[in-house]
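User: Got a minute? I have a model open and want to go through it piece by piece.
Analyst: Sure, put it up.

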Amino acid sequence: MSLVTGGVAAAVFVPPSRSERESAAGSLLSLEPPLRQAFMDHGEFQAKKEPGGLDWLATHEEPGQTFNEYLGSRPNVPNAGRGKLYILPIGGFEKGIAPDLAKLKDYTAAYYHPMPVEMLPVLADAEVPAKGRINGMSGKKQWKSTDLLRWLPGKLPKDGYAMIAVTMTDLYPDENWNFVFGQASTRNRVGVFSFARYHPAWTGGVGDAGTEALVLRRAAKVLTHEMGHMFGIRHCIYYECNMNGANHLVEADSTPMHLCPVCLRKLHHAIRFDPLGRYAGLGKFYRANEMNQEEAWVADRVRKCQVIPDP
């Protein structure tokens, strides 16, 4: 997810039709009925809407990725020797401003069930070999994310399938960009993202009763989005989905936390989870953290997936 500045040629995006969305999930005929239900849209998913002027699909030409194209890309998948997901915190995490790292670990474990997730010890800023600059618009420190992506593979434990580094320092990918929320390397199975802009304090604001939940939702959404790229899942153009690209915080906030049927099937190919078990874990997390809208969506989704039509 990223924000682009400067002159960008507008892309022409035509929202896919219902038949195109269904086709993107691949043929379900060979699947057992419970799995078939899990990869179908029973009315709880929203088709990808037409983008506004500064939205991702208005400024980026995205071809999309069907399930069959995902298979054809021969994505990396976990195996017995490298089956863990790691989170690497870098620098300080100010209480009340940064999201709760323990909760992020729990959410990642529920999202990528049944893969184990481990939080690595915090690394100091001084250990980061990345170019830095002061952002001309915010006046705040940034690290070059592409430098971090070159450095992180050497930090990935041998039993790790993938690793995400998280930080409160803002990021940028090159001199022509204002910032990025995060970046990931599919080939090297590492990524990095920043929490810096998720709290109102970034723009001089103050939090209220809902700020902690807002920051956690933003961080959890982007962490799982970037981790999704490491499984070879590209940006989604078929539904409103956690794998949508985002150009700005308002657009990122508008995307859901869940995966659409197309992206869910890709993830299932990689880690072979039980769909209802995965939803149960997510529902438990949402309930514990008073994410009422997400909890209600999961409950509705489970009910619809459990209705097996007569043959």
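User: How many residues does H11 have, and how far does it reach?
Analyst: H11 has 14 residues. From its first C-alpha to its last it reaches 20 Å, close to the 20 Å expected at 1.5 Å a residue. That expected span is 1.5 Å times one less than the number of residues. Helices are DSSP runs of H or I with at least four residues, numbered from the N terminus.

User: Anything I should know about the model itself?
Analyst: It is predicted: local features need pLDDT of at least 70, side-chain atom pairs count only at pLDDT 80 or more, and totals for chains, interfaces and linings use all residues. Residues are numbered from 1 along each chain as its sequence is written, and side-chain values use heavy atoms, with hydrogens and water left out.

User: Back to H11. Which residues are buried?
Analyst: Glu294, Trp297, Val298, Arg301, Val302 and Cys305. Buried means under 20% relative accessible area, exposed over 50%, and partly exposed in between (1.4 Å probe, protein chains only).

User: Where do they sit around the helix axis?
Analyst: They fall within an arc of 135° seen down the axis of H11, so they line one face. The arc is taken from the directions from the helix axis to the C-beta atoms. An α-helix has 3.6 residues a turn, so residues three or four places apart point the same way.

User: And the other side?
Analyst: Asn292 and Gln293 are exposed there.

User: What covers the buried face?
Analyst: The cover includes helices H2 (33–38), H7 (211–230), H9 (261–271) and H10 (275–288).

User: Zoom in on glutamate 294. What does it touch?
Analyst: Arg217, Met257 and Tyr286, not counting residues up to four places away in sequence. A contact means heavy atoms within 4.5 Å. Glutamate 294 has a relative accessible area of 13%, so it counts as buried.

User: New topic. How many disulfides are there?
Analyst: Zero, in a search of the whole structure. A disulfide here is a pair of cysteine sulfur atoms within 2.5 Å.

User: Why is cysteine 236 not bonded to cysteine 260?
Analyst: The two sulfurs are 3.7 Å apart, so they are too far for a bond. Cysteine 260 holds the closest cysteine sulfur to cysteine 236.

User: What about cysteine 241?
Analyst: Cysteine 241 is in no disulfide either. The nearest cysteine sulfur, in cysteine 263, is 3.8 Å away.

User: Are these two, cysteine 236 and cysteine 241, buried or exposed?
Analyst: Buried: cysteine 236 has a relative accessible area of 4%, and cysteine 241 is at 0%.

Terms used
Helix = DSSP H or I, 4+ residues; strand = E, 2+ residues; numbered from the N terminus.
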